[in-house]
Amino acid sequence: MTKQAQNLHKYLSTMDYHPFPLLINSVGYYQIEVFIREKSLNFILDTGASKTLIHQGTAEKLACQLEDTFGTGGGVGTSEAKIYLTDIQEIRILDYMLGGLTIYCMDLEHVNIALAMREEAPVDGVIGFDLLDQKEAVIDFKSQTLFLKR
């Protein structure tokens, strides 16, 4: 870690920020392990995604309750995917519990197909701008670290 990165980490810790390591895959997505209902899940960090959401297949495996929003959303690869609200109200990253969240649900199969073609692991969800904004996120790209305010 560079001296500048060490200084940034030290400064942010005095401002009540918690660091989380990010992994970058071959596609260029930052990946982060999250826990929902004590199950380890592979999420990607997407600053361009407006909402934090879970893949519909993963939500079904976790027996989440889904409520139709009667809306659609999209991103790269789709523009008309149905969006649902889930009953998930908190997620955990390492030992840090993030509560008071609204987690949405969308079918991310198109993303997982594209990842499989690049021999990457499928994703279970996306950390989006809503969570990053709520927790006043700072991303240190040099050290591949996400900082969230406690």
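This report describes the nonpolar cores of a predicted model and two of its residues, His18 and Ser26. Local features need pLDDT of at least 70 and side-chain atom pairs count only at pLDDT 80 or more, while totals for chains, interfaces and linings use all residues. Residues are numbered from 1 along each chain as its sequence is written, and side-chain values use heavy atoms, with hydrogens and water left out.

A nonpolar core is a set of buried Ala, Val, Leu, Ile, Met, Phe, Trp, Tyr and Cys residues joined through side-chain atoms within 4.5 Å. Buried means under 20% relative accessible area, exposed over 50%, and partly exposed in between (1.4 Å probe, protein chains only). The largest nonpolar core has 27 residues, of which Ile32, Ile54, Ile127 and Leu148 touch the most other members. Among the elements that give two or more residues to this core are β3 (30-36) and β4 (39-45); β3 gives the most, with four residues. Strands (E, at least two residues) and helices (H or I, at least four) are DSSP runs, numbered from the N terminus. Another core, of twelve residues, lies apart and includes Ile83 and Tyr104.

His18 is in strand β1 (residues 17-21), whereas Ser26 is in the loop between β2 (23-24) and β3. The table lists their accessibility and a side-chain polar contact of each, that is, a pair of N or O atoms within 3.5 Å; within protein, one must be able to donate a hydrogen and the other to accept it, and residues adjacent in sequence count only if both atoms are side-chain atoms.

| Residue | Relative accessibility | Polar contact |
|---|---|---|
| His18 | 12% (buried) | Arg150, 3.1 Å |
| Ser26 | 47% (partly exposed) | Glu120, 2.6 Å |
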